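Visitor: I would like to go through this model and ask what stands behind each label. Please set each value against its cut-off.

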Amino acid sequence: MQRALILTGLLLVAAGLLWPWLTKLGFGRLPGDIRIESESGGFYFPIVTCLVISVVLSLVLWFFRR
């Protein structure tokens, strides 16, 4: 459990450091992401981005288990 938490923390730090380059790839702005903006504020739900990240992580974990 300790290793999993440490690995998760390291992955989050790496994603935070790489975020400027990841946004250039289009993550967070994919077709299907829900964005509602109004004068008083906005709402953003990156559903397609979440699905893509989930599929990629599932494939990576599947390869490591084999």
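Guide: A salt bridge needs a side-chain nitrogen of Lys or Arg within 4 Å of a carboxyl oxygen of Asp or Glu. The model is predicted, and Asp33 is a residue to test against that rule: Asp33 is buried and has no salt bridge.

Visitor: How do you know that Asp33 has no salt bridge, and which side chain of opposite charge is nearest?

Guide: The nearest side chain of opposite charge is that of Arg35, 6.3 Å away. The cut-off is 4 Å, so this pair does not count as a salt bridge.

Visitor: Where does Asp33 lie?

Guide: Asp33 is in the loop between α1, residues 2–24, and β1, residues 34–38. For the wider frame, the protein has two helices and two strands, in the order α-β-β-α from the N terminus.

Visitor: What makes the pair Tyr44 and Asp33 a polar contact?

Guide: The distance between their side chains is 3.3 Å. A polar contact requires N or O atoms within 3.5 Å, one able to donate a hydrogen and the other to accept it, so the pair qualifies.

Visitor: Which backbone nitrogens have a polar atom of the Asp33 side chain at 3.1 Å and at 3.5 Å?

Guide: The nitrogen of Leu30 is the one at 3.1 Å, and that of Ile47 is the one at 3.5 Å.

Visitor: Which residues does Asp33 contact beyond its neighbours within four places in sequence?

Guide: Asp33 is in contact with Gly28, Tyr44, Phe45, Pro46, Ile47, Val48 and Thr49. Of these, Thr49 lies in helix α2, residues 47–65, and Ile47 is also found in α2. Tyr44 is placed in strand β2, residues 41–45.

Visitor: Why is Thr49 called buried?

Guide: Its relative accessible area is 6%, and buried means under 20%, so Thr49 is buried. With neighbours up to four places away set aside, Thr49 contacts Phe27, Gly28, Arg29, Leu30 and Asp33.

Visitor: Why is Tyr44 called partly exposed?

Guide: Tyr44 has a relative accessible area of 33%; buried would be under 20% and exposed over 50%, so Tyr44 falls in between. Its contacts, with the same sequence neighbours left aside, are Gly28, Arg29, Asp33, Ile34 and Arg35. Gly28 is 16 residues from Tyr44 along the chain, with 9.3 Å between their C-alpha atoms.

Visitor: What makes Ile47 partly exposed?

Guide: The value for Ile47 is 35%, which is not under 20% and not over 50%, so Ile47 is partly exposed. Beyond four places in sequence, Ile47 touches Gly32 and Asp33.

Visitor: How do you know which class Arg35 belongs to?

Guide: Arg35, in strand β1, has 48% relative accessibility; exposed would require over 50%, so Arg35 counts as partly exposed. Arg35 touches Gly28, Arg29, Phe43 and Tyr44, not counting residues up to four places away.

Visitor: How does the radius of gyration of the protein stand against that of a compact globule?

Guide: The protein has 15 Å, but a compact globule of 66 residues would have a value near 11 Å. The C-alpha atoms fill a box of roughly 50 × 25 × 20 Å along the principal axes.

Visitor: How many of the residues are buried, as a percentage?

Guide: Buried residues make up 6% of the 66. The protein exposes about 6100 Å², of which carbon and sulfur atoms supply 72%.

Technical notes: Residues numbered from 1 in each chain as written. Predicted model: local features only at pLDDT ≥ 70, side-chain atom pairs only at ≥ 80, totals over all residues. Heavy atoms only, no water. Helix = DSSP H or I, 4+ residues; strand = E, 2+ residues; numbered from the N terminus. Rg over C-alpha atoms; globule rule 2.2 N^0.38 Å. Buried < 20%, exposed > 50% of the residue type's maximum accessible area, 1.4 Å probe, protein only. Areas by Shrake-Rupley, 256 points an atom, 1.4 Å probe, with all protein chains shown as cover. Lys, Arg positive; Asp, Glu negative; His and termini not counted. Contact = heavy atoms within 4.5 Å.
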